[in-house]
Amino acid sequence: AILDDGFTLTLPVTDFRKMVQPQCAHAPRAFEQVLTGVAEVMADSTHCANFLQTLGKGHAASNVSLVYHCDRKDFFMDNCNAVLEWVATTSGAVEKGAASELS
């Protein structure tokens, strides 16, 4: 398996959408949330997907998705720890009526 119960993923606080750990958004000076294990990562993925479907005016039947890009030169892995820089861009938001894709 790629993820196990000890897996952690550190993300910025995303108070514009539902979070797995909503208390992070209300803590003073909280800038990040730490997800632990498969269940929390899957729950956050669902929250993100639900948020993406709110983009645009909903005219098209297609879904909005995220396309990720990670340049190999911006990726560092040591044993089981990875540090990387990546860019995510929406796909399908314009088709649903948004002014532009998010990046």
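How many salt bridges does a search of the whole structure find? It finds two. A salt bridge here is a side-chain nitrogen of Lys or Arg within 4 Å of a carboxyl oxygen of Asp or Glu. We will visit both.

**Before you start**

This is a predicted model, in which local features need pLDDT of at least 70 and side-chain atom pairs count only at pLDDT 80 or more, while totals for chains, interfaces and linings use all residues. Residues are numbered from 1 along each chain as its sequence is written, and side-chain values use heavy atoms, with hydrogens and water left out.

**Stop 1: the whole chain**

Show the chain as a cartoon. It has two helices and six strands. Helices (H or I, at least four residues) and strands (E, at least two) are DSSP runs, numbered from the N terminus. Follow the chain from the N terminus and the elements run β-α-β-α-β-β-β-β.

Now switch to the surface. The chain exposes about 7,500 Å². Carbon and sulfur atoms supply 57% of that area. Accessible areas come from the Shrake-Rupley method with a 1.4 Å probe; for residues, only the protein chains shown count as cover.

Of the 103 residues, 23% count as buried. Buried means under 20% relative accessible area, exposed over 50%, and partly exposed in between (1.4 Å probe, protein chains only).

Contacts come next. A contact means heavy atoms within 4.5 Å. Take the contacts with a separation of 6 or more: residues 24 or more positions apart account for 43% of them.

**Stop 2: the R17–D44 salt bridge**

Select R17 and D44. Their side chains meet in a salt bridge, 3.2 Å from N to O. R17 lies in the loop between β1 (8-12) and α1 (23-26), and D44 in helix α2 (residues 37-52), so the pair ties together parts that are 27 residues apart in sequence.

Are these two residues buried or exposed? R17 is buried, at 13% relative accessible area. D44 is buried too, at 7%.

Keep D44 selected and show what surrounds it. Leaving aside neighbours within four places in sequence, D44 is in contact with L11, R17, V20 and L35.

**Stop 3: the nonpolar core**

Select C48, L52, L55, V64, A93 and A98. These six residues make up the largest nonpolar core. Such a core is a set of buried Ala, Val, Leu, Ile, Met, Phe, Trp, Tyr and Cys residues joined through side-chain atoms within 4.5 Å. In soluble globular proteins, nonpolar side chains tend to be buried together.

Zoom in on C48. Not counting residues up to four places away in sequence, C48 touches R17 and L66. You met R17 at the last stop, in the salt bridge with D44.

**Stop 4: E101, after the last strand**

Select E101. Look for it in the segment after β6. E101 is partly exposed, with 28% relative accessible area.

What does E101 touch, leaving aside neighbours within four places in sequence? Its contacts are T89, T90, S91, G92, A93 and V94. One of these, A93, belongs to the core. Add V64, another core residue. The C-alpha atoms of E101 and V64 are separated by 9.5 Å, with their places 37 residues apart along the chain.

**Stop 5: the second salt bridge**

Select D71 and K73. They form a salt bridge, with the closest N and O atoms 3.7 Å apart. D71 is partly exposed, at 31% relative accessibility. K73 is exposed, at 66%.

**Stop 6: W86 and the surface patch**

Select W86. Its place is in the loop between β5 (81-84) and β6 (87-91). W86 is partly exposed, with 43% relative accessible area. Not counting residues up to four places away in sequence, W86 touches Y68, H69 and C70. Add D74: the C-alpha atoms of W86 and D74, twelve residues apart along the chain, are separated by 7.9 Å.

Now add Y68 and L84. With W86 they form a nonpolar patch on the surface, with about 330 Å² of accessible area together. Patches are made of residues with over 30% relative accessible area and no salt bridge: like charges are joined within 9 Å, nonpolar side chains (Val, Leu, Ile, Met, Phe, Trp, Tyr) within 5 Å.

**Stop 7: an aromatic pair**

The structure holds two aromatic pairs. One of them is Y68 with W86, which is edge-to-face: 5.2 Å centre to centre, 65° between the planes. The pair links distant parts of the chain, with Y68 in strand β3 (residues 65-69) and W86 in the loop between β5 and β6, 18 residues apart. Rings of Phe, Tyr and Trp (its six-membered ring) pair if their centres lie within 6.5 Å; planes under 30 degrees apart count as stacked, over 60 as edge-to-face and the rest as tilted. Y68 is exposed, at 52% relative accessible area.
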